[in-house]
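Hi,

Here is the structure I promised to send over. Have a look at it first, and then read on for what turned up.

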Amino acid sequence: MVSAAAVALAFSLVLANFADQIHGALQEGFYRGKCNVDVEKIVSDIITPLVGQKPWITPALLRMQFHDCFVNGCDASILLDGSSSEKTAIPNRSVRGYDVIDLVKGAIEKSCPGVVSCADVVVMATRDAVAASKGGWYSIQTGRRDGLVSLAKNVHLPGSSISVENSAAIFNGKGISTEDMVHLLGGHTVGVTHCSFIKNRLYNFNNTGSTDLTMQTELAVFLKLKCPHTSTVDNTVDLDQGGSSLVIVGKPISEIIDNSFYKQIAIRRGVLGIDQALALNKLTKDTVNKVAISSNDYFLTKFQQAMVKLGAVEVLTGTQGEIRKSCRAINKS
């Protein structure tokens, strides 16, 4: 006679399998056995040397993944071309790296056609770019599928001057905690912003006609030299000002993923309004201070964990969506 425990175990396994079929499930090594090649190695072999040649690829892919995952989930909808696609939305017009994704996807298609999604390519490429920028390698789950809809009107992303409270509400709505939000914004340790995004803080903060008083005076002076009030050229400045004049192992610190960003905003050297606000707001300042005073390995672990969570936002799996042949267009029926 079958025991009650055995029946309960069998029933739980059926429920688990049923749940996976309904919701889908990402998993590490999803493509093992589905391709005769190591898909993740193909990605790494392309991305690692590219980042060495073009360090801008890392912040570009970090931004791309964030912009993709926060609009309809991590479904590569940002990659689709079209006159009214997500690419055309104002926040996405400065997104770069589409050609990098095309390069990786093309290489994978040659070896394993029609199997690997563009959504997974974005996540894998971003992970390898992080690793190539001294951010450490971390395991990721794959098995995403590609979305069929990409509309500019669906793009609603937190801006550079958003309040901490509103930003946290948006992240929380995506299933990402406020603490993980702080760790994800540590991606600003690499990359640049344009003067047009900070001139308000420099010259007319909240219509006061003066500089944002939360910005360190020395930093304000430096940024005003980089971003003259009347200049018609939209210059760029490093988001992590710890690397403006320093070099480690032959690379500017601003090209390395580390906890320098937190050390800077802790002493009021944040460039973007939201970055500085993280260090001052009661919701987030303890997390900022913890990362700033902890080892770099502590930050890298937290950042990697947060990136994995970002990559799981509202994903399509199972039979949802499709596996695109080209990341720029949905498949022809």
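Let me start with the enclosed space: the structure holds 1 cavity of 30 Å³ or more. Before I go further, please keep in mind that this is a predicted model. The volume of the largest cavity comes to about 70 Å³. Its walls are made by Leu26, Gln65, Val123, Arg127, Tyr138, Ile140, Gln141, Arg144, Met307, Val308, Gly311 and Ala312. Two elements, helix 5 (118-135) and helix 13, each give two or more residues to that lining. Sorted by class, the lining of the largest cavity has 7 nonpolar, 3 polar and 2 charged residues.

Two of those lining residues, Gln65 and Val123, turn up again where helices pack. Helix 3 and helix 5 have axes 9 Å apart and pack at an angle of about 145°, in a left-handed crossing. From helix 3, the contact uses Thr58, Leu61, Leu62, Met64 and Gln65, while helix 5 brings Val122, Val123, Ala125, Thr126, Ala129, Val130 and Ser133. That contact of helix 3 with helix 5 counts 8 nonpolar and 4 polar residues, with no charged ones.

Next, the open space. The largest pocket encloses about 1,200 Å³. There are 42 residues lining the largest pocket, and Pro59, Arg63, His188, Val192 and Leu239 are the closest to its centre. Which elements give two or more residues to this lining? They are helix 3 (57-69), helix 6 (164-173), strand 1 (192-194) and helix 13 (296-310). Helix 3 gives the most, with 7 residues. As for the chemistry of the lining of the largest pocket, 25 residues are nonpolar, 13 polar and 4 charged. If you have the viewer open, helix 13 is worth a click, as it is listed for the lining of the largest cavity and for that of the largest pocket.

There is another helix pair to look at. Helix 2 (residues 39-53) and helix 4 (residues 98-111) have axes that come within 10 Å and cross at roughly 145°. Here helix 2 passes helix 4 in a right-handed crossing. On the helix 2 side, Val39, Ile42, Val43, Ile46, Ile47 and Leu50 make the contact; on the helix 4 side, Val100, Leu103, Val104, Ala107, Ile108 and Ser111 do. By class, the contact of helix 2 with helix 4 has 11 nonpolar residues, 1 polar and no charged.

One residue I'd single out is cysteine 35, found in the loop between helix 1 (4-23) and helix 2. Is cysteine 35 buried or exposed? Its relative accessibility is 9%, so cysteine 35 counts as buried, the cut-off being under 20%. Leaving aside residues up to four places away in sequence, cysteine 35 touches Cys112, Val115 and Val116. Take valine 115: it sits 80 residues from cysteine 35 along the chain, yet their C-alpha atoms are separated by 7.8 Å.

Finally, the overall picture. The chain has 13 helices and 4 strands, and 48% of its 333 residues are buried. Among contacts in the chain with a separation of 6 or more, 74% join residues 24 or more positions apart.

That's the lot from me. Shout if anything looks odd on your side.

Cheers

Methods:
Residues numbered from 1 in each chain as written. Predicted model: local features only at pLDDT ≥ 70, side-chain atom pairs only at ≥ 80, totals over all residues. Heavy atoms only, no water. Axes fitted to C-alpha atoms, helices over the stretch in contact; angles between N-to-C directions. Left-handed = near helix turned anticlockwise from the far one by under 90°. Contact = heavy atoms within 4.5 Å. Nonpolar A, V, L, I, M, F, W, Y, C, P; charged D, E, K, R; others polar. 1 Å grid on protein atoms, 1.4 Å probe; cavity = no way out; pocket = protein on both sides within 12 Å on 5 of 7 lines; lining within 4 Å. Points joined across faces, edges and corners; volume = space filled by probe spheres on them. Buried < 20%, exposed > 50% of the residue type's maximum accessible area, 1.4 Å probe, protein only.
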